[in-house]
Amino acid sequence: MNKAIDPASAVRALTLQQARNLHLGAQGLLQAPRARATRKRLLAAIERMELLQIDTIHVVARSPYLVLFSRIGAYRPQWLEQELAAGRIFECWAHEACFAPIAAYSLLRHGANPRETHWAQKHARRMHRDQRAGMDRLLEHIRDHGAVKAADFDQPRKTGSGGWWGWKDEKRWLEALFALGELMIVRRERFQRVYDLSERWLERVAMQTHEPLDGAPLDAEEIRRQQILRAVRALGIAPAHWIADYFRMGRRIADAELEPFVADGQLLRVAVKGWEEPAYVHPDHGVLLDRARRGRLRATHTTLLSPFDPVVWHRARASALFDFDYTLECYTPGPKRRYGYFVLPILRRGQLVGRLDAKAHRAEGLFEVKALYLEDGTTIDADLIDDLARAIGKCASWHETPRVIVGRCEPRVVARLLRTALRSVGSSRAIT
């Protein structure tokens, strides 16, 4: 049974906005970046989040690129692939398909992984049972001929001695062998995965980073312990039932499991006014917690978020923290969509104030705001409109689509105000 804390009597009780600011501070979204983006800051942003979810939809930027832009500002997208090729990050199945810092390799790739129920592993094990012969032949091909892409098998080849099969089988097998740890992603070419044997990848990364990665595997208990601590640190603040989702750890975590963490000082237990359950903060955020409690943690950043940003990828958490009900609708049939295909949540000074349905037309240099929806109760004033215009303008410029057009807005008055504001924030943007 969960232990409730009475917020009125708790020494460390936070207001909801203070909890939001603590979360955003941990995620690197509290304030706008104060320095120019660098590869070092890109890597630090991934380390702070622990996981950078991968998705290939790119009506605006592909999700991992947009998540980083929200945190470090304008940067060169190729830096992400360069960090992967340099071995400073790697790809794995965690929350979903993700990039992760190389320091987390032993946690996410080795040993008795407690994520036995993750759909990627379950599917890969089933495929390996049913199609092992073909998968073994594919492994031998890679062993003999080197790294491959799924696109290498796009065209069916004639069967016979050493012959191959249709590309669809091989693409599935590559994905399954990656999920099982037999293959790793050594680099990306135009965002296409390039697969090679895990042992060759391990040897190369060890040489590049001067850190051995093939040590003794962690047992299931240690993996779970580390994932709990890392998830809480990445989230900034979290009730027990939010924690398991971050790394898709399987069974839900209860307060009783966290008692030893609190007793040992590995986690701090706090209360949030209005929440019946206690929440937890990593000691690394002790200073951040103290500043939040004293009202010294101010949220000033306004930016567009990816639908796969950690801030919104857990629907119940986004609702509890921000009173923001968000569902990605790209997999919903068009007539049933309420907001649009790939809608970007709008973060403004510590609150999620709306959502933006956008498309970057790169060939035309055009950033199209198809629709913008403000949350009910949002105060429409000059500061809000200016913040929105600057956030949209910066995002458009980073996409190399500096011309912005604004379509439907709700409330309707926002469209006119936003068009005017966009004209004033940069003369290079022709707004219609």
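**A walk through a predicted model**

Okay, so helix H8 gives the most to the lining of the largest pocket, with four residues. Just so everybody knows, what we're looking at is a predicted model.

Let's stay with that pocket for a bit. Its space comes to about 560 Å³, and 24 residues line it. If you want to find the middle, look for Thr56, Lys171, Glu175, Arg188 and Arg193, since those lie nearest the centre of the pocket. Which elements each supply at least two residues of the lining? That would be helix H8, which runs over 167–179, and strand S6, over 192–197. As for the kinds of residue, the lining of this pocket has 11 charged, 10 nonpolar and three polar residues.

While we're around S6, look at the loop between strand S5, residues 183–189, and S6, where you'll find Arg190. Arg190 isn't a glycine, yet it has a positive phi of about 55°. For background, most residues other than glycine have a negative phi, and most peptide bonds are trans.

That brings me to another backbone spot. The peptide bond going from Glu410 to Pro411 is cis, and its omega is near 0°. Where does Pro411 lie? In the loop between strand S14, residues 403–410, and helix H16, residues 413–425.

Now, two helices that pack together. Helix H2 covers residues 39–49 and helix H3 covers residues 63–72, and they pack at an angle of about 105°, with axes 10 Å apart. Angles from 65 to 115 degrees count as roughly perpendicular, so that's what we call H2 and H3. On the H2 side, the contact is made by Arg41, Leu42, Ala45, Ile46 and Met49, and on the H3 side by Val67, Leu68, Arg71 and Ile72. By class, that contact has seven nonpolar residues, two charged ones and no polar ones.

Next up, rings. How many aromatic pairs does the structure hold? There are 13. Let me pick out Phe90 and Tyr105: the ring centres are 5.6 Å apart and the planes sit at 75°. Planes over 60 degrees apart count as edge-to-face, so this pair gets that label. Phe90 is in strand S2, residues 89–93, while Tyr105 is in helix H5, residues 105–109, so the pair ties together parts that are 15 residues apart in sequence.

Last stop, the cavity. The structure holds one cavity of 30 Å³ or more, and the largest cavity has a volume of about 50 Å³. What lines the largest cavity? Try clicking on Tyr326, Thr327, Leu328, Glu329, Tyr339, Gly340, Tyr341, Val343 and Arg355. Sorted by class, that lining has five nonpolar, two polar and two charged residues.

And that's my tour. Thanks, everyone!

Notes: Residues numbered from 1 in each chain as written. Predicted model: local features only at pLDDT ≥ 70, side-chain atom pairs only at ≥ 80, totals over all residues. Heavy atoms only, no water. 1 Å grid on protein atoms, 1.4 Å probe; cavity = no way out; pocket = protein on both sides within 12 Å on 5 of 7 lines; lining within 4 Å. Points joined across faces, edges and corners; volume = space filled by probe spheres on them. Nonpolar A, V, L, I, M, F, W, Y, C, P; charged D, E, K, R; others polar. Axes fitted to C-alpha atoms, helices over the stretch in contact; angles between N-to-C directions. Parallel < 35°, antiparallel > 145°, perpendicular 65-115°, else oblique. Contact = heavy atoms within 4.5 Å. Phe/Tyr/Trp six-rings, centres within 6.5 Å; stacked < 30°, edge-to-face > 60°.
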